[in-house]
Every structure is written in C-alpha cells, then in structure tokens.
Amino acid sequence: MGKPAGNNHNEPEAAFADKFNISSCQPVIQNAYRQVMDMQRDLICCFEADLSLIYANPAFCSFYDNDENNILNVSFTDYLPFQTRELARTKLERLQNAHAEISFKTSAINSMGEPRFLLWICHFISPDVIQASARDITQLTSLDEIGDLDCMQNSDIDKHRVNGENILTNLPFMVWALDENCNIVFWNRVCQKLTGYTSEEAVVNDRIFKQLFPDEEDQEKYRQKIKNTRSMIEWTAGIRCKNGSPKWISCLDIGNLFNIKHWKYVLVGIDRTDKIKTELALRESERHYHSLFSSIQAGLILCRETEGPKENIDYILIDHNTAVEQMLSKTKLDLQNKSVYELFPNIIDNWDKTCERIKTHGIQERFQYYYHPRQQILEFTLFSPAPGEFAAFFNDITDILNTREELCNQLEFMQTLIDTIPNPIFFKDKAGRFINCNKAFEMYVGRGKEQILNQDISILESYLEPSDIDEILTIEQDLMKFPHHVHHEYSFKHADGNTLDLIINRAAFFDNAGKFAGIVGVLTNISDKRKMERKLEKQLHFQQFLTDIIPAPIFFLNPRGHYFKCNQAFEEYTGKTREEIIGQAAAELPECVDLWEYYLSGHIDEDVLTRTSGGKYFTKFYHVDGSTRDVIINRAVYRNTEGVPAGLAGIILDITAQRSAERKLKEQVNFLGTLIETIPNPVYYRDLDGRLIECNRAYAELLGQPKDNLIGTQHFDMYSREQAEEFYISDLALLESGTSKLSYDSVIEFADGRKVDLLIHKTILFDNEGNPSGLLGALTDLTEHREMQQTMARLDQYRIIGEMAAAIGHEVRNPMTTVRGFLQLLNESDDFLGNKEYFDLMIEEIDRANSIITDFLSLGKDLHIELKPENLNRIIENSFLIFSTEARKHDHLMKMILEEVPLIPLDCKQIRQLIFNLVRNGLEAMASPGTLTISTCKTNDEIVLSIQDQGSGIDKTILGKLGKPFVTTKEKGTGLGLAVCYSIVERHGAQLEVETTDNGTIFYIKFPIPGDKVQYDKNQPLHS
C-alpha cells in the first residue's frame, strides 16, 4: 500500500510546478475515502499537484453553493481570496520540503453572502493527491489580536483527530491502523465482526499476524504490501478468522486522514470472500469442461463467424479436441486460427446453408461431406452454443455406408423375388407401419411403394370398412403379444373400383436376435365365392335400412308372438339391442306388458290377426330413460307370398308431448310467476305510457312500498323529478333506437331521498303481431360487486407477489446448490481436516435453507402430480430404513404395523414427502426417548394411514391453525412442512385429521378407494 500522509517528506521531488506534477498516473479517490469525508462537517477537498480539484465533500459544495460535478478541474486557489493566493502557493510548496502539513487562514463569502473566516490545514494523502480541510473560525477572530494562531490550530486539530477516530470506528467496512513497526494500533467494529478478534486481541499483539496469517511467508508478503504499495491502490489479502474460516479482503491505504499520533498506515478492507470463491468455482468448472471436451471420441470443433476478405462470411476455429487432429492428420499448430473452408475443401455450400437454418430455427442440423484428402465420408452435426459461434461434431461413416450398400444389394434381390409372386404381399413393423410390399399389393391399392411405405393402416381407409380396420388392429396387436399364424376375410375395394373378397393370412417375423420384428401378410381373392351371398345380404340390408330410417319404433312378431325384426328406433325406445330383442316373446318384455295381454294369448292364429288388423290401441309404455310415455300402437297383419298370415307388424306413435302440452303450458305460466317473484333482483313491467303493470317482491322492497300501492304508478310517483325524467328519456330512446335491449349503470335517487348504485337492464316486449307492448326491466345492486372488484384486484396483487417469490426461490436454490457442492468437496479434502465441524455446520445450514425453499415451492397451486396405481405399504417399507436412521439420531424407535391394502392412484414422490414430513415432526415432538408408530388399514371405502408419536401433544390454540404457512411451535421451524402436507393430501383427494392428547398426537390420512379397484399385486413394481 502507499505511504500515509506525512510519510513522503523523505522523497523530495525534482520541482513543485512541474512543480506539483508528482505522478504521471491519474489519481483516483476511492469510495471508502469518500464515505469518510462525506460525513465531515469541515470543508474538505482534494486536488492534484497542479492544484486542479478532483473531489469536494458536501460541506465544501454547500459552503460555496456548487455542484460536485462543477468543481472538477477548477484550481483550488480559485476558491481563495486573491490577496491570499500567493501565500497559499508558498505554503503548499513547503509540503514537499519535509513538512507533514501546512496551515493558513483566509476570509471567504459563503453561499448565503455572509463574510466568514476559514482556517485551512493541508497535507498529502498520497504522493499524487493533497487534502485541504477548512474550519469556520469566524467566532474566534479575536485570536488574531492574541496572535497565537498555532495554539488554536493545534487545539482544533486535536479535536479533529478525536472525532476522526470515532468516525472510523463506526464505518460500515473494515478500518485498521498500523504503527511504524506494522503493529495494529486501531481495529474498528467491522474488523471485529468479520475476523472474530476483538480490539483488545488485535491492538499491539505480537501474535495477531501469526493468527491472521498462519504462514510466515504470507505475513511477510502482507508487510511488504503495506510498505511498498502506493496509496489508493487496491490489493487482495487472504486471512484466517478466529473460527478458522478463510476470508479474502480487498485492501487499500487511505492515509492518515486525521493525523492521529502513532498512526503510520491506515488501511480500509472490503470482504471479497464470496467473489473469490465464485471465481475459484468458475475455474474448476472450466477445467471440467476442457476435460470433457478433450475426452470426446468424435471430432469436435468450435468456430466463430467473422467477415471474410471479400466481405463474405467466414468461420474461424477458436478451439478443437485431439480427435480432430487425428482424423485430419494435422497438428494443433496446423489448425490454429484456420478457416473451416481451409480445413474442409468444397464444404462451403453445405456449411453455409446449415448455419443459416440454425440461425433461423435454432436447432441442430446434420449433413454428410466427402473429405477428398483421405477419401472419407464425414457426417457433421452442427449447432450454435452462443450467438455468432458454431460447434460441429463429425464422424467417419465410410465403413458404415459400404456395409449399407452390400445390404441394399441383398434386399434388392429379395424384393425382386417377392415382386414375381402374383398374390399381394406386405410387411409391417412393430408400430404397424408398412415397411415393404410387392408389385401386386401396389396394384391392389393403386399407389406406388413410396406412397405406401412408413404409412399405417389409415392408408387403407378408402379400401376397407371401418369395422374391418378396427378388427385388423386388434388381430395385429394380438400377434405382437402372442406370435402365431392367423387368417381372416375382408371386403377390399380394389383400385380399379371393384370390390373384392379377400382372405388375409398374417404371421409374425423375427430379427436376428429372435425378437419380434413385425408382421407379414398375404392376400387371396375369394370374390366369386362370396358374390351370391352378398346379393342376398344387400337385399336384407336394404329392407332393414328402410325400417331404420323411419323415426317411429317398428316391430314384427311371428305367429307365436316372438319378435323376429325391429328397427333402430324400437331399439332406442326399449333400451335393448337388436340381438337382445330378436327371439324374445312379446310378453317377456315388460315395457308394454298390458298391450300383449290385451290382444295376445298363446299362438296368434289367423282369426286373432284378422280381428286386430288395422286397429289402434292407447296404452302406457315404459321408456328406457325411465319415463312413462303415452303411446298409440298401430298394428296390422302381414302375409307371406301364399297369402297366409305370417305375423303382426306394429308401429308406436308417441303422443306424450301432445298430452302434456296443455299441462306443461299451465305449469310454465305458474313457474314463471313464481320464478320472477323469487328472483332476488328487482324486476318490473311497464306499458308504453310508463305505468307499472307488474313487479316482483324485490322491486317493491327496493322502493319501500307494498306491491299493490305500486301497480298503476308512473316514474314521477316513485323517483325524484330528475331521476324520473332520466328514466322516461331512456325508455323513449330504447323504443326509438331500433334495438330491443339496453343496459347501463346509474346511481338512482328515490322519492324519499335514498340513493342506490344500480345496473339497469331494459328490453322491449312485443305482442303476437310483433308490435311493442311494453318494457321489461331488471335492476342489480352493484354495491357488493364494486367491493368484490376491489378485493379481486388486491388478490391479484398477492398472486403476482406469490409468483415472484416462487421464481426467486428457484433462482436462489441454484447458487446454493453450487456452494454446497464446493463446501462438500472442501470438507472431504485432507487440507481442511481441522475444519470439518465448520464445513458440516455450513452444509447443514444450506440444507436447511434449501429445505425451506423446497417446502415453499411445494405450495404452488400448479404443482404437477402424476397419479399411478401404487401400494401404500410398499412406499412405507422402501422408506422405513431412512425413517429408522432419522429416529436413531433423536434416540427414538420406529414401529411399523401394516395391514394388506389394495393399489390406489398415488404420486410416489409426493407421498414420500408427506410421510417424511409427518415422521420428522413426530420425532422432534418427543423430548424424551419414545416410539413413533406408522400404521395402515383398510375400511369399506378408504385406506387409512396413521402416524402416532409419544410427545406432549399440540396446543389447542395452534390446533385450529395447522396447515397455514409459517404457523409453527418449533424454535427454528418455518411452518411450511405441514402446509406442504395439507397441499399433498388435497391434491390426492384425501383427508387429513389430527387427534392430540397430553400423551401424544396421531395424524390420520384417509385415501379414497376408487370404484373400480386396482387388484393388489405383491410383485407390482413401484414407480419412482
């Protein structure tokens, strides 16, 4: 550090007006010095040897009414009266002639225009910078008559020194002073707090440097820095605190500002420990990066985009790994600062286009390149790790491509072979995509192979029925699980437009390892065989179609009274499928039993059919939706080709709507009257003249009059004159506007003087001819709505604050993880064995902070949850060892009582956190050694998890607040643990109940069992 004030008198300068040009370096006033001087009430300034001002404290600027920025580069003597400037210059010259300080007195005019007398004291604070301090001595001008100026100055300086020492003691950064022998003579409070050594332990203590610097070489370096480094030059020193922890301090010598006796060096220190630790961590990360970079077997280059010699874009290598040198047969010197285009001839087109795509889409790109010097084919993978920079992996794939060519020749032979087979053949992979086919298959589907390959079954949607496609998918899925040979018939629409009947034989094929690889299929045409059957099916289908499109239910009975046909509407009406109806006796279907009892008795003979032909029957029908329908059933006898009665045909006409229309209309009128009357909002109806025709109870209560008194009144009878005119004008405007509705809010003043903030809705009512008949109005009180808007605005602010807190929590945890990792590395190092307890303490505190952040983030409302079938007992058993270890730390025992329980949907990670939080709370709640019991059992519809401790119970005043964040009884607790537990329980749809006594507490978590229970499987693996 530099020499303090008064220590430069043994270094006479060549001249003092190059005179005053002591140093060629630009002097800098450090922040630490500024903070001390800015607190002084004396006028203080600093200037260079040529008297140019470079700093002034607030007292100086205020006295001369100047801004600090305006005083720079102004001469110090410009602030002195003209008659004393030469005297000041003469005295300043004495500073270089073995004088520690000089003083002189001047008159001055302050910013208020008042004449004042100032006593100036000047001394060097560095070889380049002079400090001048002035004190107002206007009240002491009588001393001029005594002539004892020196006495007054010394007394004033002593006070200045005492005040200075007090200021340095209370500064918010480290300040210490040394004597001629580098012994500490002053040690402020920050020094004590940072190092752990009190002022008594540090001041004039021969052992203090050995304690601060255990290495004697470090002690000597520290002393040499103090004696040889110039003032205001910052340097770094590493010390060891009283507790053994290392610290790095940024030091500088600010000089003996107050000229205190026995002070030769005055040092200021700033704690730089976190910064230096971060720099060390970055260096270590960089070392790991280079190690990984060099170990990659593929070639890896890193280049920077630059402008080429002809204003073209070029790419210059900035780094590469050893694999590049081996693959290109070049040395590191050959590759240094080379262009990509120089290393790889003719790569420019592929490289430039790939880089442009990466700039646009931001993803990695691949391309192949022929490296002519070594006749290699290289595959490049190019990406951009940072703007303006590109990295590329490349591998030699020459052998791979040669092997691929041989395989292609074999595949071409096999393809030629299957193309000669007349039957259509196809191959599918495990995902159901076509991977090959022959020419016959291409002809069948009318598409080329390039259009078929890599397509799934959807490519055949236009050739197969949807039911056939579903059946194909099912068969192929079974083949994947149980490989075997299978065949099935399908109708296939050929590309030439004809529909073919095909038998498709399918079988599984396997790869070289014997694993299922896909399915091969062969098609055989059986169209001629099915042609006649299809004609018959078509006729029957057409007949069925005709009946199905009729919306009324239709049924057919044979002579024995059994159903043998019905349409779709009859299925929907009865709630039964056609398969369930056909073949059943009419009397066995309960939907319309009384009908069958009415005209069916045993077999239906010709006489019965004749008598009932054309008849109608009114009856009740029990519809599938549970309702009872009024129906008319029209029935008639139908005959076979010989004219013999073959059965009974019936059609059901639902007349429920007609029967209930009048009833519903009456009910609707009554309902609307009741509804309007019970609506909490005021509702009214006025005719075109403004007379009130009808209103509900809420409207009458709003106006404070009985409903009977309001009917027939007009606006002027209910509201103030101004309000009545406003209502009348708005009614008239609505009728003339051409619109049917109007909404607006207004503060309504009633005739009795009351004011209410209302939202008013009006609509025009029309008669049957479409002419306006009146106005219907509805009023809404906005008072509560306005209050709710304000509340929601406040809640939205709280939500934003919560999101910011969660984001900050994530960002804080990342650097904490890095710090913990390096502390753990240092703790395991042999160099720090003596400080293990300190590292353990720091790691424990970081883990505690990280736990608080984790709990806090767990309260997020959008926390992702993955529910999978899990066994609760298995989760407890897999975690029990951790719980037992935690219990032994507290001298407690763990007990587990688990009954057999079924699988239920759970998130494993969150359930483990729930159980661990409750177990940890239970262990900490037991002051003396005890037993914590975890139990599970199954009730009728729940699985109950219980965790019981033997503590002293929970205070009843706290019991009602459990689960709220930051509510805790622990001295160092945060209250987030139980809040997280309640959040996890809620996300699982479970319930958490607490039972507490003086002998302990039991937490019950009750998980619901789904209706379709998952069967318990002891071999079921747990999801992590």
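This is a short talk on the fold of one protein chain, taken from its overall make-up to two of its sheets and a few single residues.

Let me begin with the ground rules, since what we have is a predicted model, in which local features need pLDDT of at least 70 and side-chain atom pairs count only at pLDDT 80 or more, while totals for chains, interfaces and linings use all residues. Residues are numbered from 1 along each chain as its sequence is written, and side-chain values use heavy atoms, with hydrogens and water left out.

First, the chain as a whole. The protein chain holds 34 helices and 37 strands, where helices (H or I, at least four residues) and strands (E, at least two) are DSSP runs numbered from the N terminus. Of its 1024 residues, 40% are buried, and here buried means under 20% relative accessible area, exposed means over 50%, and partly exposed lies in between, with a 1.4 Å probe and protein chains only. The accessible surface of the protein chain is about 58600 Å², and 52% of that belongs to carbon and sulfur atoms; these areas come from the Shrake-Rupley method with a 1.4 Å probe, and for residues only the protein chains shown count as cover. If a disulfide is taken as a pair of cysteine sulfur atoms within 2.5 Å, the count is zero. Two cysteines to look at are C437, which counts as buried because its relative accessibility is 0%, and C981, which is also buried, with a relative accessible area of 0%.

Now to the first sheet. In what order do the five strands of this open sheet lie? The order is β2-β1-β5-β4-β3, with antiparallel pairing, and two strands are said to pair if DSSP finds at least two bridges between them. The edges are formed by β2 (53–56) and β3 (102–109), each of which pairs on one side only. Neighbouring strands of this sheet are turned against each other by 25° on average, with direction ignored; axes are lines fitted to C-alpha atoms, for helices over the stretch in contact, and angles run from 0 to 180 degrees between N-to-C directions.

Going through the pairs, β1 (residues 43–48) and β2 are antiparallel and share three bridges, and C45 stands opposite A56 in β2. β3 and β4 also run antiparallel, joined by eight bridges, with F104 opposite W120 in β4. The hairpin of β3 and β4 has five residues between the strands, and in it G113 takes a positive phi near 85°. A hairpin of four residues then joins β4 to β5, the two strands pair in the antiparallel sense over seven bridges, and F124 has I130 in β5 as its bridge partner. β4 is mostly covered, in that eight of its ten residues are buried.

Two helices belong in this picture. Helix α1 lies across β1, β2 and β5 (129–136), running at about 55° to β2, where contact means heavy atoms within 4.5 Å. Helix α3 (residues 82–93) packs on the sheet as well, touching β1, β3 and β4 (115–124), and its direction makes about 160° with that of β3. Within α1 (residues 31–38), the residues A32, Y33, V36 and M37 are buried. Why do they sit on the same side of α1? They cover an arc of only 130° around the axis, which puts them there, the arc being that of the directions from the helix axis to the C-beta atoms. As background, an α-helix has 3.6 residues a turn, so residues three or four places apart point the same way.

The second sheet is also open and has five strands, in the order β32-β34-β35-β37-β36, but its pairing is mixed. β32 (893–898) and β36 (991–997) stand at the edges with a single partner strand each, so one side of each has no neighbour in the sheet. Its twist averages 15° from one strand to the next. Six bridges join the antiparallel strands β34 (residues 931–938) and β35 (residues 942–948), and the partner of I934 in β35 is I947. Helix α31 (residues 872–889) packs on this sheet, touching β32, β34, β35 and β37 (1000–1008), at about 170° to β32. Helix α32 (residues 908–925) lies across β32, β34, β35 and β37, running at about 170° to β37.

I will end with two helix residues. S295 is found in α10 (residues 273–295) and is partly exposed at 42% relative accessibility; its C-alpha atom is separated by 8.6 Å from that of A323, 28 residues apart along the chain. T818, in α29 (residues 783–828), is partly exposed, with a relative accessible area of 42%, and its C-alpha atom is separated by 9.4 Å from that of T278, 540 residues apart along the chain.
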